[in-house]
Amino acid sequence: MNKHKNTKIYFFIGFCILSQLIIAQKINWQEGLKIYSAKLEEKHIDLYHKINKQEFKKKTQKILNLSKKGDDYKTIIELMKLTKKIGDGHTAVSLRNLDVHQFPFEFQLIENKWRVVKTPSSKKNILKSTLIKVDGIPISEVASKISETAQFVENKYSKTVRTASYLTISELLYHLDIIKNKKMALFTFLDENNNEFEVQFTALKNTELKQLDYATLEIGVPEIEKPKSPKFNFLWFAPIKNKNAVYINFKSYPSFDQMQNFGDDLVKYIAKNNTKNLVIDLRKNGGGDLYVGVILAYALNLADSVDWKNGVYLLTSNVTFSAGTSNTALFKQLLNAKIVGQPTGSNPTGYQDMGQFNLPNSKLVITYSKRKFKLSDKTTQGIQPDVLIYPKWSNYALGKDDVLAHIINNLMK
């Protein structure tokens with residue numbers, strides 16, 4: 001009996017020692033950084049278009065030296081900063097394979113204030129409030145630190161959007177010395193009456209975030225209703241009430257064949273109703289296959305009832321990115337469309353078409369640009385709208401869509 005008892009004790013001790021060795025084992029950054037540099041040089045179409053090669057090598061060596069201190073997240077953060085200096089929105093360090101934790105809400109910078117637009121229903125009282133501090137640190141300082149690490153940034157507009165999305169990752173906040181606890185922080189808000197209040201949040205894994213019920217601030221206009229059972233939630237069309245017009249919500253890309261079928265259905269509807277005006281909404285289009293988007297333009301070209309001189313409108317925002325930006329540039333030319341909204345988050349001329357590879361041990365995914373698209377004569381800070389409209393918070397908080405309302409009330413005949 002004692003012999004079996006001792007065996008169990010020795011096994012338990014051995015298991016604990018082995019577990020500690022596994023935990024103590026660090027990422028082999030020397031191998032990882034070697035692959036990082038070599039693969040980017042091999043696969044990126046023009047790696048040194050913005051950063052000097054000597055500077056890139058020097059900073060990579062500094063990151064290797066930092067990694068020897070044993071803080072893997074500090075190393076990852078410095079790698080993110082270096083990758084951002086490469087200077088295009090498709091070359092980045094992706095954290096999607098890491099078990100990161102996030103605080104369960106979303107922000108949008110509206111009228112220079114970080115507004116809460118999504119939160120768990122249990123914390124619905126913070127919806128529409130303004131974030132002003134994180135663990136006592138002013139949001140301006142927090143956003144500045146986060147923006148240095150935010151990935152997939154191509155211009156000043158996507159910088160703001162990406163900063164908002166990275167602002168809730170607890171590991172970044174902790175290792176940037178913003179929060180004191182790895183998975184918990186105290187957030188300070190201003191309510192709609194400018195009263196200050198604090199809420200403590202725990203950061204959650206992605207699987208836990210998906211299980212929550214959320215309160216979300218959505219905007220729209222009464223003239224447009226989403227179909228009850230659209231074939232795609234990210235691609236659908238609907239009539240605009242009291243106007244001879246069709247609204248096309250184009251958030252993402254289906255397959256080539258599916259877009260052909262969608263285009264056929266859309267053109268049949270336009271012909272049946274003798275539709276004059278088109279509104280193509282790309283404000284939440286984060287990218288995909290631009291050539292699939294061209295299929296939509298090809299289909300629409302067959303719609304003879306459309307007012308091709310003055311009746312086509314494209315809606316863009318700072319979230320219009322990658323293929324969404326490319327299709328905006330192409331639709332403006334092919335469909336003679338007027339662009340309304342905010343500048344796009346990526347540039348019509350720049351490095352695109354994303355590839356990727358994994359680094360060993362660290363689970364990091366490194367993305368890179370394979371092509372350069374030239375859809376404008378020069379590199380610009382996004383596509384600038386013909387009619388620039390930023391949402392007013394007083395309307396946004398009530399769920400009113402300023403951009404769509406402007407088109408319906410002022411531009412359409």
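**Exercise 1. The nonpolar cores**

Task: In this predicted model, find which residues touch the most other members of the largest nonpolar core, and work outward from there.

Solution:
- Step 1. The largest nonpolar core has 59 residues, and Leu95 and Phe189 are the ones that touch the most other members.
- Step 2. Now ask which helix gives this core its largest share. That is helix H4, spanning residues 72–85, with six residues.
- Step 3. Take Leu95 and set aside residues up to four places away in sequence: its contacts are then Ile76, Met80, Val100, Tyr166, Ile169 and Leu364.
- Step 4. Look for a second core as well. A separate one of 33 residues exists, with Phe262, Leu282, Ala303 and Ala329 among its members.
- Step 5. As background, nonpolar side chains in soluble globular proteins tend to be buried together.

**Exercise 2. Is Thr60 buried or exposed?**

Task: Place Thr60 in its element, classify it by accessibility, and list its contacts away from its sequence neighbours.

Solution:
- Step 1. Thr60 belongs to helix H3, which covers residues 53–67.
- Step 2. The cut-off for buried is under 20% relative accessible area. Thr60 is buried because its relative accessibility is 9%.
- Step 3. Once neighbours within four places in sequence are left aside, Thr60 is in contact with Leu33, Ser37 and Leu82.
- Step 4. Try a C-alpha distance too: Thr60 and Glu78 lie 18 residues apart along the chain, and their C-alpha atoms are 9.1 Å apart.

**Exercise 3. The cavity**

Task: Say how many cavities of 30 Å³ or more the structure holds, then describe the lining of the largest cavity.

Solution:
- Step 1. There is one cavity of 30 Å³ or more, and the volume of the largest cavity is about 30 Å³.
- Step 2. Its lining consists of Lys84, Asp88, Gly89, Thr91, Gln151, Phe152 and Val153.
- Step 3. Sort these lining residues by type: two are nonpolar, three polar and two charged.

**Exercise 4. The whole protein**

Task: Put together a global profile of the protein.

Solution:
- Step 1. Start with secondary structure, which amounts to 13 helices and 16 strands.
- Step 2. For overall dimensions, the C-alpha trace spans about 90 × 50 × 50 Å along its principal axes.
- Step 3. Of the 413 residues, 49% are buried.
- Step 4. The exposed area is about 21400 Å², with 50% of it supplied by carbon and sulfur atoms.
- Step 5. Finally, take the contacts with a separation of 6 or more: 71% of them join residues 24 or more positions apart.

Technical notes
Residues numbered from 1 in each chain as written. Predicted model: local features only at pLDDT ≥ 70, side-chain atom pairs only at ≥ 80, totals over all residues. Heavy atoms only, no water. Core = buried A, V, L, I, M, F, W, Y, C linked by side-chain atoms within 4.5 Å. Buried < 20%, exposed > 50% of the residue type's maximum accessible area, 1.4 Å probe, protein only. Helix = DSSP H or I, 4+ residues; strand = E, 2+ residues; numbered from the N terminus. Contact = heavy atoms within 4.5 Å. 1 Å grid on protein atoms, 1.4 Å probe; cavity = no way out; pocket = protein on both sides within 12 Å on 5 of 7 lines; lining within 4 Å. Points joined across faces, edges and corners; volume = space filled by probe spheres on them. Nonpolar A, V, L, I, M, F, W, Y, C, P; charged D, E, K, R; others polar. Areas by Shrake-Rupley, 256 points an atom, 1.4 Å probe, with all protein chains shown as cover.
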